[in-house]
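This report describes a model by its chains, its core and its contacts. The sequence and structure come before the text.

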Amino acid sequence: MERFLQVVVDGIADGSVYAALALALVLIFRSTGVVNFAQGEMAMFATFVAWALADAGVPLLLAVLGALVFAFAAGMVVERLLIRPVEGSNPLSLVIVTLGLFIVVNSAAGWIWGFNIKEFPALFPRGVAEIGNVSLSIESLGIIAVLLVVVGLLWLLFTKTPIGLAMRAAAQSPSSARLVGVPVGRMLMLGWGLASLLGALAGVLVAHRLFLDTNLMAGVLVYSFAGAALGGFDSPIGAVVGSWIIGVTEALAGTYIDVIGSDLKVLVPLGIIFVVLVVRPAGLFGSPEVTRA
Amino acid sequence: MILPLLAATLLLAACGRDDSGGGGGGGGGSSNAPGITDTTVKLGSSYPFSGPASAYSAIPKSLNGFFKKLNDNGGVNGRKVQFITYDDGYEPQRALANAKRLVEQDKVFAIVNPLGTANNLAMRDYLNQNKVPQLFVATGATVFGSDQAKFPFTTGWQPTYQTESKVYAEYLKSAKPNAKVAVLFQNDGFGKDLLSGFTEGIKGSGISIVAQESYEATDPTVAPQVKKLAASKADTFLDITTPKAGAQAIATVAQTGWKPLHILNSVAASKAQVLKPVGFQYAQGIVTASYFKALDDPQWANDEAVKDLKADLAKYAPDADPTDPYTVYGWLVGETIVQALQKMSSPTRDALVDAAKHLNYNSGLLLPGITVKTDGDSDPYPIEAMQIAQFTGQNFVLKGSVIQASSG
Amino acid sequence: MSLVRVTAGSRAHMALRAGTALIVAIVLIAIPFNSNPSLNGNLTLVMSYAVASMGLGLLVGYAGQISLGQGAFFAIGAYAAAAMLAKTGLPYLLALPLAAAVTFAIGLAFGIPAVRVRGLYLALITLALAVAVGPVIKRAEPVTGGVSGLSAPQPPVPGWLAVDPDQWLYLLSLVVTALMLLLAANLTRGSLGRALVAIRDGERAARTSGVHVSRTKALLFAVAGAYAGVGGGLFTYAQGFVAPESFTLLLSFTFLGAVVVGGLGTVIGSVLGALFVVFVPQYAGDVNQALTGVIYGCTLIAVVYLLPGGAAGLLRRLRRLLVDVIEPAPAVPVPEPSPPPEAQRGVHDAVPTSDPAPTGGDPAARGLRP
C-alpha cells in the first residue's frame, strides 16, 4: 500500500513537469486559438538565457526574472513578425511555421550553447518531506505550489479582469471583438508573450532535475499535450490535473503491469488521449465546443 | 499540371549531368583508387551535427584539428588529407545518402569513422558492394567487424560494448562475487549490446541480475526507472546510459538514499560533462571503464602526450572542448587513420583495408598497457582492453590493471 | 501576356498536354542514365516520401483533416515490406500491396473512431499514434528485428533489363509513384473528390447533399494510410534496411512540411515538397555546417510566407505565363456550368479563404481555430 502511495506521489511529481509546459500550451490556445508546436523549444531557449545569466554571476532569482522578461518580449515579437502574417490563412501553414520555428530555435540554442548538459541551479532547497513512509522532495512540492499559484493567477486574469476578457474575445471571435473595440492584434501579442513567459517558467522549474540541454523539452512536449488534452485545452486547472493524471497512470502502469514495462509505458498516456478525445474532446474541465447551425 | 513537372525535371536532369566515367579526383588517379593522388587523399564521414545526438559533433571538430596539424607537417607519405563530413541528423537514410554522395560525387578514397550503429548498418551493404572502405566506425556495436567474410571492408575501432561489459563482469567477479545487480539501459542497440555482453560475462558466477529497466532516448527523465530499481534493493547498479540520462540517474540514486556500487558505462562517465553538473559529492565511488587519458585528469597533468595534445588543440582546434572526452577520442581516431594510410602498401582501397587490419601500435593518449592491434580476420577489433577507474574526490582513479576482453 | 493561348478542351489543348506528358516521361526516364548513384538514390528516396505526402495531401489538402501520424503509417508499411522481404520467400513485388493492405486496415481501424474528432484534437490523436509506433516496433522484435533494425534484400535487377541496381530502383519507384499519382488525381476528380471538397467546405452542408461524412472521412484515413504504406515499401526497396531511428516524430512533420511547401490541394505538390524536404537539409550543411537546422527552418518559414500556394502554385503561375487556357464561350447561358478542367483549377479552390471570420460551414472543420 505504501509503495502504491509512493508511486502515485512520484507520478504527481513527474506529472508536474508536464503540467508546467501544459499551462503554456493552454494559455496560448485560450488567448490566440492556435497551438504552438515550438512552445517547448522557446521555453528551453529562455531557460538557457537564465542559465547564462546565472553563470555570469547574476543572482539566481534575477537571472530567472531576466529570462521571463526575455521570453515575454520574444513571444510578442514572434507573434507580430512570424505568426501574424499567416494567422488568417490556412491553419496548416501555421503548423508548419511553428514547426520551422521549432527547428530554428533548437538549432540556434545548440549553436550558441553547445550540446552538452548544463547544471541549472536549484530553485528550491534540497530535502525531502515525509508523511509516514511516503516521501516527496521539497523541489516537487515547490513546483506544485508554483503551478497552483499560476493557475490561480490565470483564473483571475481570464475571469475577473477586463484584459483577460478582451484576450478571450480576441481568440474566439476576432472580427466581433474588433467591432466592440478590442485591439485584437495587441491581445494576440499579449497572449503569445504570456504563454512564452509561462513556458520559460516551466523550463526554469524543471531544468534542475532534468538537466539543461537542447533536448530539455523535446520529450516533455508530447506529454504536456496529452495532459492539456485530457484536462481540456481551454482550462488551466485542467492542464495541471490532466498532467498529473497522465503522470500517475504512467507510473502505475510501469510499476504494476509487467507486460507493459518501461518501454511501452508511454502507451498509457497516449491511450488516454485517444479515448478522451474521441469520447469527450473538451476534456475533463474544458467547455464543450458549441457550433451554431 | 504537367507543365510544371516538366520544368522541375528539366532542372533536375541538368544538375544531374555527371562527368563520372572518367577517373577519380585529380591527376594520376586510376579507377582503382579514386580520391588519392601523390599529394592528396580524400576521406569522408557522416556525423550528427544536428538532432538528438549532436553532442558527438565534438569528434569531427577534433578530427578536423588533427588533420590540420597533420597537413601543416607535410601530411602522411607526402599526401595531405582532405576530410569531408556531412550531417545526417542521426537518421540512417541520411547517413546512407551522405555515404553515396561522398563516394559518387566527392569521390573519396575511404569513409572513416561514421557515427551511429543504425547509420553504419544502413551504409554497410552499399560500401562493401562498391568496395569502399568503411573504417574505424564510431560505434561500439559488436556487429561491426564480426562478419569479415560478408563485410570485409568494414572495421570497428573503439572497444566494443561487449568488451566493455565483459570488463565490468570481470571486475565484479573479483570485487563483489555475489553481487545482485539492477540494470538501467537505453532501449536501443547500444543498451542491449552492453546488457547482453554483461549477461554473457557473468554466466557461471555468483552474480545475478535481479531487476532491469529500459528507457527511451526521448524520455524526459529516467527518475521513475531508477526509483523502481532502487526499490529492488540490489547492491549493484549497472548504468547503461548516455550523458543526460546518466546524470539524471546519479542524481536520482542520491535522492532515494540507495547506495549501490554504481557502475557507469564509459559513454556517460565524463567528469566534466556529466559528473560536474550533477555534483562531485554525489558521484563518489562510481566505477567505470576507460581506455584513454582524460585531459582534465590531474594524474596526467605532466604527461607528455597530454601536454602535447592540449597545445595542439589550442593551436589547431581552438573551439574544441579539451574536457570533452570525445575530443580525445577524435584525435585518437585520427592517429589510427594515419597509421593505416602510412602502412598501406599501395595507393589502393584494398591496401588501405589490409593495413587497417594489420595494425599494431601504441599511442601516448591511450592508457598504459592498451594498444591498437588488429590481425586480419582472427582479430578484427583494434582496441579490446579497458581499465577500471573509480571516482574518488574529484577524479577518476585507475584501479587494478588493464583488463583484456576480446569481443570475438 | 502569355505566349500561347488555347481553348480548354480543344485539340490544341489536348495535344499540348499529351506532348508535355510525353516529354516529361522521357526526361524522367532519362535522368538515371545521366547522373550518378548518389543522385539516383536521393531521387528514389524523394519518390518514397512523395507517395506518402500524396496521401497526406489528400487528407489535409482536400479534406482539411490534419494528421501528424503519417510517419507512423510510413514506418508500418516499411517494416511490413521489410519483414516480408527478409523472412518470406514471396516475390518482392508483393511487398507493396502487402504494405498497402496492412496500413489501409490500420488506417481504417484508426479512422473510424478518429472521425468523431476535429481540428486540433485530431492532430493530437494522430500525434499520439506517431509517438506510439516507435516503442511498439522495438517491442515486436521477432517481426521487426527490434532495436537493431531489419535488413531486407532489395529487388534484383530483372535479367532482361541491362541497367545498374540504382537505376533499376529509381525506375521501379518511378513507375509506382506515377501510378499512385494517377490514382490520386482520379480520386480527386471523381465523386470521392467532390465529396472531400464538400466535407472540407462544410460538413453540415455536405451531409444534406447526401455525402456520408463519417464513412468518407474514415475511408480517407485508410487511403492516406495506404499511401504512406506504399511509400514505406518503396523506402524499404531503396534502403535495404529499416531501423527505428529512421522513423522519428520529425518524419511526420516532414511529410506535413512537404505537403505545405509543395502546395496544398495539389497532387503534384507532394512531389515538389518531397524534393524540398530531402534536398534542403542535405545541402543546408554546405552553407554552414553548424547551422543546418537554422537554415532549414528558416527556409521552411520563408517558403510558407513567400509562396502561399507552395511550389506548385509558383509553377502554375509560370505555366500561365507560357500558356493561357481559356474557357470556351458558352453557347447558351446554363445554370450548371461544366466543371472546369483540372488544369484550370487554381490553388484558390483548394485552400480555404483567408477571411478569419466564419462565413458559414463548420469553423472547427477548417482546422485549429476554435
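Two residues are in contact here if their C-beta atoms, placed from the backbone, lie within 7 Å. The model is predicted. On that criterion, and leaving aside neighbours within four places in sequence, A:Ile273 is in contact with A:Ala226, A:Ala229 and A:Leu230 of its own chain, and with C:Leu124, C:Ile125 and C:Ala128 of chain C.

**The nonpolar core**

A:Ile273 also belongs to the largest nonpolar core, which has 365 residues. A:Ile273 is among the residues with the most contacts inside this core, together with A:Ala20, A:Leu21, A:Leu23, A:Ala229, C:Leu124 and C:Ile125. Helix H8 of chain A, residues 184–210, gives the most to this core, with 18 residues. Chain B takes part as well: the core draws at least three residues from each of its domain 1 and domain 2.

**Chains A and B in outline**

The table sets out values for the two chains.

| Chain | Helices and strands | Span of the C-alpha trace along principal axes | Residues that count as buried |
|---|---|---|---|
| Chain A | 12 helices, two strands | about 60 × 50 × 35 Å | 60% of 293 residues |
| Chain B | 12 helices, 14 strands | about 65 × 60 × 40 Å | 61% of 408 residues |

Read along the sequence, chain A follows the pattern α-α-α-α-β-β-α-α-α-α-α-α-α-α. A compact globule of 293 residues would have a radius of gyration near 19 Å, and chain A agrees with this because its own value is 19 Å. For contacts in chain A between residues at least 6 apart in sequence, 72% join residues at least 24 apart.

For chain B, with 408 residues, the globule value is near 22 Å; the chain has 22 Å and so agrees with it. Of the contacts in chain B between residues at least 6 apart in sequence, 67% join residues at least 24 apart.

**The contact between chains A and C**

The contact takes 44 residues from chain A and 46 residues from chain C. Six helices of chain A give two or more residues to the side that touches chain C: H3 (60–87), H4 (91–113), H7 (174–179), H9 (218–231), H11 (261–264) and H12 (267–279). Of these, H4(A) gives the most, with 16 residues. By class, this side of chain A has 31 nonpolar, 11 polar and two charged residues.

**Domains of chain B**

The domain assignment divides chain B into domain 1 (26–159 + 300–377) and domain 2 (161–290 + 388–404). Each domain is thus written as two segments of the chain. The centres of the two domains, taken over C-alpha atoms, are separated by 29 Å. Where the domains meet, 13 residues of domain 1 are in contact with 15 residues of domain 2. The residues on the domain 1 side of this contact divide into seven nonpolar, five polar and one charged.

**Strands of chain B**

Four strands of chain B form an open sheet in the order S2-S1-S3-S4, and the pairing is parallel. Strands S2 (80–87) and S4 (134–135) stand at the edges; each has a single partner strand, so one side of each is left without a neighbour in the sheet.

Strand S1(B), residues 40–47, is joined to S2(B) by eight bridges, and the two run parallel. Along this pair, B:Val41 has B:Val81 in S2(B) as its bridge partner, and B:Tyr47 stands opposite B:Asp87 in S2(B). S1(B) is mostly covered, with seven of its eight residues buried.

Strand S9(B), residues 287–290, pairs in the antiparallel sense: four bridges join S9(B) to strand S12(B), residues 385–392. Within this pair, B:Thr288 stands opposite B:Ala389 in S12(B). Which residues of S9(B) are buried on its two faces? B:Val287 and B:Ala289 are buried on one side, and B:Thr288 and B:Ser290 are buried on the other, which leaves both faces of the strand covered.

Technical notes:
Residues numbered from 1 in each chain as written. Chains lettered and ligands numbered in written order. Predicted model: local features only at pLDDT ≥ 70, side-chain atom pairs only at ≥ 80, totals over all residues. Pairing = 2+ DSSP bridges. Buried ≥ 20, exposed ≤ 12 C-beta atoms within 10 Å, placed from the backbone. Core = buried A, V, L, I, M, F, W, Y, C linked by C-beta atoms within 7 Å. Domains from an automatic or database assignment. Nonpolar A, V, L, I, M, F, W, Y, C, P; charged D, E, K, R; others polar. Rg over C-alpha atoms; globule rule 2.2 N^0.38 Å.
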